[in-house]
Amino acid sequence: MSATSTGPRLAVGTVIGERYKVTGYLGAGGFATVYAGIDPAIERPVAIKILKISGDDGDKQADAMVQRFRREAKAAARIRHSGVVGVFDVGKTPQGNPFIVMELLNGRPLDVEIDEGGPLAPQRAIRLMCEALDALAEAHRLGIVHKDLKPANLFVTDNDTDH
């Protein structure tokens, strides 16, 4: 694939989209890297998800991934539910890599919760799944279908209340 990469990890202090300041590295997947950041204009903590490729070089596979990334951002921004991360902004880095600026969550993915804590107690599992299903129902109400629902894509944000 001839798509461009985001290169090495961004340094703390790097500004994305002429607005958002990187404050730390959160993690990376196969196609995107996520950074903690701040919107200095309103002093709001954010998460900045940067696609590792751009669609600027004519590569059809890269173009398709960029379009999917944009659809993900638009779909997530339409859903207004406490169980769905808020999307605040989208843009492109100077290198042409699309990014999404989202609500910064505190917690950890459900798969990590299970790996580190073992199987969930049935009552807790039911509460977590009811919350996830309620959010999924809101997406479905809007005609949005999540095609990759799995523990790694569910985030436990508050252990005391099981959100």
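**A guided reading of the fold**

Visitor: How many helices and strands are there in the protein?

Guide: This is a predicted model. Read along the sequence, its elements follow the pattern β-β-β-β-α-β-β-β-α-α-β. The protein has 3 helices and 8 strands.

Visitor: In what order do the strands of the open sheet stand?

Guide: Strands of a sheet pair through backbone hydrogen bonds, either parallel or antiparallel. In this open sheet, formed by 6 strands, the pairing is antiparallel. The order is β1-β2-β3-β4-β6-β5.

Visitor: Which strands stand at the edges, each with a single partner strand?

Guide: An edge strand of this sheet has a single partner, so one of its sides is left without a neighbour in the sheet. This applies to residues 15-16 and to residues 87-92. The strands are β1 and β5.

Visitor: Which residue stands opposite Ile16?

Guide: Strand β1 is joined by 2 bridges to strand β2, residues 20-28, and the two run antiparallel. The residue in β2 that stands opposite Ile16 is Tyr20.

Visitor: What angle does the direction of helix α1 make with that of β6?

Guide: Helix α1, residues 60-78, packs on the sheet. There the helix touches β4 (44-51), β5 and β6 (98-103). Its direction makes with that of β6 an angle of about 20°.

Visitor: What percentage of the residues in the protein is buried?

Guide: A residue counts as buried when its relative accessible area is under 20%. The protein has 163 residues, and the buried ones make up 32%.

Notes. Residues are numbered from 1 along each chain as its sequence is written. This is a predicted model: local features need pLDDT of at least 70, side-chain atom pairs count only at pLDDT 80 or more; totals for chains, interfaces and linings use all residues. Side-chain values use heavy atoms; hydrogens and water are left out. Helices (H or I, at least four residues) and strands (E, at least two) are DSSP runs, numbered from the N terminus. Buried means under 20% relative accessible area, exposed over 50%, partly exposed in between (1.4 Å probe, protein chains only). Two strands pair if DSSP finds at least two bridges between them. Contact means heavy atoms within 4.5 Å. Axes are lines fitted to C-alpha atoms, for helices over the stretch in contact, and angles run from 0 to 180 degrees between N-to-C directions.
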